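Let's take a walk through a protein model, going from the overall picture down to single residues. Keep the viewer open and follow along.

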Amino acid sequence: MAELSVFATSILTKVTTFAVEYAINDIKLACNVRSELEKLKNSLGAICAVLKDAERKQCTTSSVKHWLENLKDFVYDIDDVLDDVGTRALQQKVGKGEIRTYLAQLFIFPFELARNIRKVRERLNEIAALRRNFDLKEEPIDTPSDRIVQRETYSIVDERKIVGRDKAKIDIVKVISEAAESKSDTLSVLPLIGMGGVGKTALAKLVFNDKRTKEKFDKTLWACVSNVSDLNHIVDVIIQSDSGESNKQLTLEALQKKLQELLGDKRYLLVLDDISNDNISVWEELMNLLPCAKSGSMILITTRLSKIASVLKTIGPYEVPKLPHDECMKVFARYAFKGEKAKDTALLKIGESIVQKCDGLPLAARTLGSLLFMEDISKWQERTSDNVLGGNGSVEYSWWK
């Protein structure tokens, strides 16, 4: 059974990959799945660390051999659950031979998947607890946990595709303008906070590209720092956002000198988009490195981590609100009908019910709208079991007018 350690590590890699997908493509309804995947990754990782020693001892200790046999069965169960995720993604098609996006399929089945993952994890934990009886030695394992793919965002925005954020943009631009005009010799930091999928990045883009914002600063920079925990890497990303050239080979001392040359004599706006690493000391150290020779410089951060926002802020955080139902329906309709007015009132009624489930999250509305584009009514009905009619038996489509 010497192959179990290799097999289990490959399953750990698969779990890690799925967990990273959920972390990068954060959707509220997928939080349970993401949480269960992280727990499963930790449980399986603890077992993988002792498997090589257990495989050596099984030849002389029957109890260890029996433990490995039971463990192998449940590692296969984990693999089956993960394969179910992939199978569901492949079962659904859009148009001719096009496979739906991985993220969209995971959005549809979150609660069932979370329940299935939890079941195998709990049983796995029961078996794993027995390893303490065998005095097994932990050994390093090679997993992709340190090779997380970084999500990337960009500053360009098509304002026509963003709805319901006019007031928020005006409010934030006003705050930034006031900070830029201040005589403060310290950096101002304004966090935009909110749950995943609520549209923090989209709102930051609107603010970043607003003419009134641009007029207040000598230089504006956009840096996506999702899942980045290394300070050198963060500084390099900031510098690269201006020059387009990476300086990852440089030391932190050399990088900070370049940062001083880039920003030292300017009033600047720096957007740090999607801070998802909760290591406060890294971000505090970054703030110490950022120059502030000219008053009125500003840092705008987007994050769902309230702890980070509360520590870094110099201005009260702006909590990005959920979209009202009508606005969320506009997002859904844009992707479900591709801008054409729907003639099938039955689809419109079902669409209203589906959007209720999106809970005001534009990313959820966009994902589901794309998922249902060009599908017949039976596919739409699969996505909702709610009564879509109002109390008087009708639905008002004010969002469509």
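What follows starts with the whole chain, moves to the sheet and its helices, and ends with a few individual residues.

First things first: this is a predicted model. The chain has 401 residues, of which 48% count as buried. Its secondary structure comes to 16 helices and 7 strands. The chain exposes about 19,700 Å², and carbon and sulfur atoms supply 49% of that. If you like contact maps, here's one for you: take the contacts with a separation of 6 or more, and 80% of them come from residues 24 or more positions apart.

Now to the sheet. In what order do the strands of the open sheet line up? Reading across, the order is S4-S5-S6-S3-S7, which makes 5 strands, and the pairing is parallel. The edges belong to S4 (219–224) and S7 (318–319). Each of these has a single partner strand, so one side of each is left without a neighbour in the sheet.

Let's step across it, beginning at the S4 edge. S4 and S5 pair in the parallel sense, with 6 bridges between them. To find this pairing in your viewer, look for Cys224, which stands opposite Asp273 in S5. Strand S5 covers residues 268–275 and is joined to S6, residues 298–303, by 5 bridges, with the two running parallel. Two spots mark this pairing: Val271 has Leu300 in S6 as its bridge partner, and Ile275 stands opposite Thr303 in S6. On to the next step, where S3 and S6 pair over 6 bridges, again in the parallel sense. Here Pro191 stands opposite Ile301 in S6.

How many residues of S5 are buried? The count is 8 of the 8, so S5 is largely enclosed by the rest of the structure. S6 tells a similar story: 6 of its 6 residues are buried, so this strand too is largely enclosed by the rest of the structure. You can split S6 by the direction its residues point. Met298, Leu300 and Thr302 go one way, while Ile299, Ile301 and Thr303 go the other way, and all are buried.

Next, the helices. Helix H6 (residues 166–180) lies across S3 (188–193), S6 and S7, and runs at about 165° to S3. Helix H7, residues 200–209, is mostly covered, with 8 of its 10 residues buried. Its buried residues include Leu203, Ala204, Leu206, Val207 and Phe208, and two lysines, Lys200 and Lys205, are also on the list.

For a helix-helix contact, turn to H13 and H14. Two packed helices are described by the angle between their axes and the distance between the axes. The axes of H13 (residues 325–336) and H14 (residues 345–357) come within 10 Å and cross at roughly 115°. That crossing is right-handed. Which residues meet there? H13 brings His325, Cys328, Met329 and Phe332, and these meet Leu348, Gly351, Glu352, Ile354, Val355 and Gln356 in H14. Sorted by class, the contact has 6 nonpolar, 3 polar and 1 charged residues.

Helix H15 (residues 362–372) is mostly covered as well: 9 of its 11 residues are buried. Among the buried ones are Pro362, Thr367, Gly369 and the leucines Leu363, Leu368, Leu371 and Leu372.

Now for a few single residues. Arg121 lies in helix H5 (residues 110–129). Is Arg121 buried or exposed? Its relative accessibility is 11%, and the cut-off for buried is under 20%, so Arg121 counts as buried. Leaving aside residues up to four places away in sequence, Arg121 touches Glu36, Lys39, Leu40 and Ser43.

Finally, some backbone angles. Most residues other than glycine have a negative phi. Asp135, though, has a phi near 50°, a positive value. Asp135 sits in the loop between H5 and H6, and at 65% relative accessibility it counts as exposed. Asp359 also has a positive phi, about 55°, although it is not a glycine. You'll find Asp359 in the loop between H14 and H15. With a relative accessible area of 29%, Asp359 is partly exposed.

Definitions and conventions. Residues numbered from 1 in each chain as written. Predicted model: local features only at pLDDT ≥ 70, side-chain atom pairs only at ≥ 80, totals over all residues. Heavy atoms only, no water. Buried < 20%, exposed > 50% of the residue type's maximum accessible area, 1.4 Å probe, protein only. Helix = DSSP H or I, 4+ residues; strand = E, 2+ residues; numbered from the N terminus. Pairing = 2+ DSSP bridges. Contact = heavy atoms within 4.5 Å. Axes fitted to C-alpha atoms, helices over the stretch in contact; angles between N-to-C directions. Left-handed = near helix turned anticlockwise from the far one by under 90°. Nonpolar A, V, L, I, M, F, W, Y, C, P; charged D, E, K, R; others polar. Areas by Shrake-Rupley, 256 points an atom, 1.4 Å probe, with all protein chains shown as cover.
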